[in-house]
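Reader: Hey, got a minute to walk me through this one? I'd like to start with the surface and then go inside.

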Amino acid sequence: MSAPPVPSQRQSKRASLAALIGTVLEWYDFIVYGTAAAIILNTLFFPSDDPLVGTLAAFATYAVGFLARPLGGLVLGRLGDRVGRRSVLVLTLFLMGAATTAIGLLPTYEQVGVLAPILLVLLRLVQGFGAGGEYAGAVVLSVEHADPRRRGLAGSAAPLGFAVATLLGNGVFFLFLLLPPEQFASWGWRVPFLLGAVCVLVGYVIRRRVEEPPAFAQARAEGVTGAPSPGGVFAAIRRHPRSFLIVIGSRMGENGFAYLLPVFGVAYVSTTLGLGRPVALWAVMAASAVQVLAIPLCGLLSDQVGRKPVYAVGTLASLLWLVPFFLLTDTGVTAWVVLAFVVGLGICYPAMLAPQAAWYAELFDTEFRLSGFAFSRELGSLLAGGLAPFVATALYAWSGHWWPIVVFMAVLAVLTLVALALGPETVRLDLDGPARQENVGAPREPLRTAPSDSSPRS
């Protein structure tokens, strides 16, 4: 058996750029909707005498988008393992971009009645289905193309898209909030959604030039991928049950914090505290600017000390910062509000997000990597991130205080720490080493840049 070709530096850079652009689109879609749900969609699509009830309804529709993500992970992940990473990533771009653009064209409740929220829910389902394969595909593409000793840094390209998308989504909304309120409610809120079409065009131009990763090309040449495996999409779960559960568990805290602060936090600051929309958006944008530096640094650090230590520190730091976050925002002072978001979202959270990307890709074999990664990750998204803003809002409505929210997030953080304790350290693992799935968690040999010709594949 011949060794797989060594990834070229040029293709590695293209893959990282493709991962970045695609993830910008994914997170832009969800950040724009989350911001709009906290600011305007509650009144346009879910009119109610009680603003909190309208916000709950808008966040419930936000959570609906996550229902389709595991299904997207199943279908698109398996498709990516059979026909190729690049083809699926082009498909997810068009699915998500079309849904996002269509949301910007929807009639409101006042115009068509109950049909408006029904159409919104359907488009959120399309968004979620596409997102189910987008992030995992972007990470796998960049990690499989990467220098084996820099997979953490390469994998951070996709998480970096989160920071860029948050800056972009909130920045666009901030600009249009400068419009008179009646113009913003009439047409201004639509423009951020319509701009999703631009992301699609840019992403397509970049992704169509990226080759399939050497590890996947080698597996396909050997007949390992490309044909339906027994059990179809669930083969990855049967082959890697431990990895499947570890991904879901470790997602609880990370994804909960990912959506609690920029979605519920924006609604809490702008509506509950009455500080106004611009203050909340400024705080999120400042935090996102810090993330642009913190995410690649945390990815690089995970290449040096391991994925699990960096991830665990980020989880603990995020949980410990939650009480100061609410205490600072409750002061109503803009500077303290910005600091609360910058530390929580800009410094603590990237330590979870950055190492996670490469770690999840390293937990699965090449023939199951995308389907296993995508389905388990998106199932965790549904259980944590999709519900976090809704649960947090409901807990606050029930108690009138943020302490129950802290308890809820503590439970999610503990689940993540347990999963980290049970999971293997993969930083020195050869992605295509012999008998790989049986050896996950076993003592590591020094990393080989490419498997030897004599190494049989399991």
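**Surface patch and buried charges**

Author: Sure. In this predicted model, a nonpolar patch on the surface is formed by Tyr109, Val112, Val114, Leu115, Ile118 and Leu122, and together they have about 520 Å² of accessible area.

Reader: Which elements give two or more residues to the nonpolar patch?

Author: Those are α6 (109–112) and α7 (115–145). The biggest giver is α7, with three residues.

Reader: And where does Val114 lie? Is Val114 buried or exposed?

Author: Val114 is in the loop between α6 and α7. Its relative accessible area is 55%, so Val114 counts as exposed, the cut-off being over 50%.

Reader: OK, switching to charges. How many salt bridges does a search of the whole structure find?

Author: Nine. One of them joins the side chains of Arg85 and Asp81, at 2.6 Å from N to O.

Reader: Are those two buried or exposed?

Author: Arg85 is buried, with a relative accessible area of 0%. Asp81 is buried as well, at 1%.

Reader: What about Arg151, what does it form a salt bridge with?

Author: Its partner is Glu362, and the closest N and O atoms are 2.8 Å apart. Arg151 sits in helix α8 (residues 151–155) and Glu362 in helix α19 (residues 350–362), so this pair ties together parts that are 211 residues apart in sequence. Both Arg151 and Glu362 are buried.

Reader: How far apart are the closest N and O atoms in the salt bridge of Glu378 with Arg377?

Author: They are 2.5 Å apart. Glu378 counts as buried because its relative accessibility is 0%, where the cut-off is under 20%. Arg377, at 1% relative accessibility, counts as buried too.

Reader: Which residues do salt bridges that share partners join into one network?

Author: Asp81, Arg85, Glu144 and Arg369.

Reader: Back to Arg85 for a sec. Which residues in α5 are buried?

Author: Arg85 is on that list, and so are Val88, Leu89, Val90, Thr92, Leu93, Met96, Gly97, Ala99, Thr100, Thr101 and Ile103.

Reader: And how many residues does helix α5 have, and what does it reach from its first C-alpha to its last?

Author: Helix α5 covers residues 85–103, which is 19 residues. It reaches 28 Å from its first C-alpha to its last, close to the 27 Å expected at 1.5 Å a residue.

Reader: Great, thanks!

Notes. Residues numbered from 1 in each chain as written. Predicted model: local features only at pLDDT ≥ 70, side-chain atom pairs only at ≥ 80, totals over all residues. Heavy atoms only, no water. Helix = DSSP H or I, 4+ residues; strand = E, 2+ residues; numbered from the N terminus. Expected span 1.5 Å × (residues − 1). Buried < 20%, exposed > 50% of the residue type's maximum accessible area, 1.4 Å probe, protein only. Patch = residues over 30% accessible without salt bridge, like charges linked within 9 Å, V, L, I, M, F, W, Y side chains within 5 Å. Areas by Shrake-Rupley, 256 points an atom, 1.4 Å probe, with all protein chains shown as cover. Salt bridge = Lys/Arg side-chain N within 4 Å of Asp/Glu carboxyl O.
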